[in-house]
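Hi,

Here is the structure I promised to pass on. Have a look at it first, and then read my notes underneath.

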Amino acid sequence: MDNKQVIKTEKSPYSVMKGVDLSAVVMKGFLGRYFDRAADVTLPKMYETLEKTGRIDNFRFASNRKEGSFQGFRFNDTDAYKWIEAVSFLFASRINPDLEEKVDLVIDEIIAAQDEDGYLDSYYPKSRKHERWTELSWSHEMYCAGHLLQGAIAHRRITGKETLFKAAQRFADLIEKLFGPGKKPELDGHPEIEMALVELYRETADRRYLDLADYFIRARGKGNASSKKYPGITPEYFVDHKPFVELEEMVGHAVRMLYLCCGVTDLYLETGREDLFTTLERLWQNLVEKKMHITGGCGSRSEWEAFGENYELPNKRAYTETCAAIANFMWNYRMLFATADGKYADVMEQTLYNGLLSGISTDGWHYFYDNPLESDGTHRRREWFECACCPPNIARLITSLPGYLYSLSKDETRLWINLYEASEINLDTSHGTMKLLQETEYPWSGDIRLTVLESNIEQSLSFYLRIPGWVRDFSLMINGEPVDVKIEKGYVEIRKKWKNKDQIELKFVMPVELIQSHPYVEENRGRVAIKRGPVVYCAEGVDNDFDVRALSLSYKSMSVDFEQVGGLGKIPVITGNGHVEELSAWKGKLYLPVSTQNSRTKPVNYKLIPYHLWANREATPMVVWIKFSQD
């Protein structure tokens, strides 16, 4: 197969899996609609915004092609790099001449801004050369370099063009020359370059880049990333308060922490260092057991976008930055490659369908930076942000989704189906070719059909079908005959010599479930969240003629109906009977004596929609965790 993967691990000694070629997969279902919208709306409009907000002009200022001075945050270069990466992933399956012309234009402006020694950061042009590398805790110079490398690698893998890649590699060579053992000891305050350097090593086989990533990870924990600018911020914010292998819990700025975990997992896949993987597993357990919202969102505190204490999972105050959800998805993908354990794909799925896709609107050009689980109606998506890391980040995630659905063993005798999506995959292996069709309306339906359309593979091939952790009951048939299977590490294996028209039918029972929090999550005591399959639901005021924050529901009278909801399309909504508190007695009051008069309720009919779709219509309150009555 070609090498158009999101991460290239076919030569990584400790990776169980390798990615499939992005161009081999065509998405046709739920996720395919997001992909199409990104191609038709998100990416073209994002280019216009990059120009309008001065992000491309910053490169022109640095190269003296245009007069002016840097605009915005010092890390604004990364918005252009992530946009290039997003468009490059798109080109794996869809060529767009207009976007191709725009990418070439932006790359030309970027390269023109590169200094003779390879340095490339428009915030520090030649006129500010003396300031380079002097404030690494906040300068984001290596963070920017990391995104440049990722964008350049994706562009080279997909298009075959070398220009941006060579410029990015020159910058990496300069960093390797300046930093490392016996050189500059400082660290960038925002981890990112670590996973980019490992990917550069995979692309070039040049060991220097892997060694530098290893150094940056080993060097953390000595307080080198500090805060002179904001004395109240401790090294923990930068995840620099203790060596990585001594970390016991997820701490600090959520995106920094999760990007670091991505980089460490990449390093493990190349080196097999057990101390790294033991730590990664320990941190993952802390995340999923004590610090992750039900939406897969991470980072509970708006103060410094940080992880909180164990079980500190507020709803209205939840920050849960879109970038943190993306980083969570990326980290679990890498852990899946290390283990082939479906529990990591479960978190990918939980995050994707809830706290990640909530970050972009149904029109494809409005975004959430933070994704709370409760709102009074004032929290709305915006077209852009002054700090705009999230919009291009979600764009590159969406256009790379074809690379996440399936994965292969290195000997190409095993195929994992990690995420369910109506799609077609054309496998070109060393054993022959196969065209496989996946038909499903997932995540709205648990019915999945896999059909071998064409195959000339003579030997047996194993399909590993993921059985999500939320599934309580399922059935499996091959060519119409029931099959008994055993779940191992979240997958069932079906091994046979596949012939044309062979068919697998997998059915997950998908009931509505009421989910409760651990008792230590104080805000959710006496409340439940509602899930159906992988999708978390919420009550939004626009669908209900009462304040949804005063709603109380029970197990009774819940039903699922597919409805055409204005602006949201035909979706499964959950309806039922509940009660809502009468609030008239509270007018002008904050406290009242306990009495039956104060706690009167009235019966209501309620409607719930998928959480990721909220705030696409008129501004009204929203709540995920709803009061619960056993009655």
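**What turned up: two pockets and a sheet**

Starting with the largest pocket: helix H13 gives the largest share of its lining, 5 residues. Keep in mind throughout that this is a predicted model.

H13 covers residues 342–356, and it isn't alone there: helix H11 (274–291) and strand S14 (512–515) also supply at least two residues each to that lining. In total, 28 residues line the largest pocket. If you want to find the middle of it on screen, pick out Val288, Met292, Ile294, Gln350 and Ile515, which lie nearest the centre. The space inside comes to about 690 Å³. As for the chemistry of the wall, you get 12 nonpolar residues, along with 8 polar and 8 charged ones.

Next, the second largest pocket. This one holds about 570 Å³ of space, and its lining is made up of 27 residues. Nearest its centre are Phe73, Phe75, Trp138, His140 and Cys387. Which helix gives the most to this lining? That's H10 (residues 254–271), with 3 residues. Sorted by class, the lining has 15 nonpolar, 5 polar and 7 charged residues.

Now for the sheet. It's an open one of 5 strands, and if you walk across it you meet S1, S4, S5, S9 and S12 in that order, with mixed pairing. Strand S1 (17–19) and strand S12 (491–496) sit at the edges with a single partner strand each, so each has one side left without a neighbour in the sheet. On average, neighbouring strands here are turned by 30° against each other, ignoring direction.

As a quick reminder, strands in a sheet pair through backbone hydrogen bonds, either parallel or antiparallel. S1 and strand S4 (residues 406–409) take the antiparallel option, over 3 bridges. To see one of the pairs by eye, go to Met17: its bridge partner in S4 is Ser409.

Two helices lie across strands of this sheet. Helix H12 (residues 322–339) lies across S1, S4 and S12, and runs at about 135° to S1. The other is H13, which lies across strand S9 (461–466) and S12, at about 50° to S9. So where does H13 turn up besides the sheet? In the lining of the largest pocket, as the helix with the 5 residues there.

Cheers

How values were computed
Residues numbered from 1 in each chain as written. Predicted model: local features only at pLDDT ≥ 70, side-chain atom pairs only at ≥ 80, totals over all residues. Heavy atoms only, no water. 1 Å grid on protein atoms, 1.4 Å probe; cavity = no way out; pocket = protein on both sides within 12 Å on 5 of 7 lines; lining within 4 Å. Points joined across faces, edges and corners; volume = space filled by probe spheres on them. Helix = DSSP H or I, 4+ residues; strand = E, 2+ residues; numbered from the N terminus. Nonpolar A, V, L, I, M, F, W, Y, C, P; charged D, E, K, R; others polar. Pairing = 2+ DSSP bridges. Axes fitted to C-alpha atoms, helices over the stretch in contact; angles between N-to-C directions. Contact = heavy atoms within 4.5 Å.
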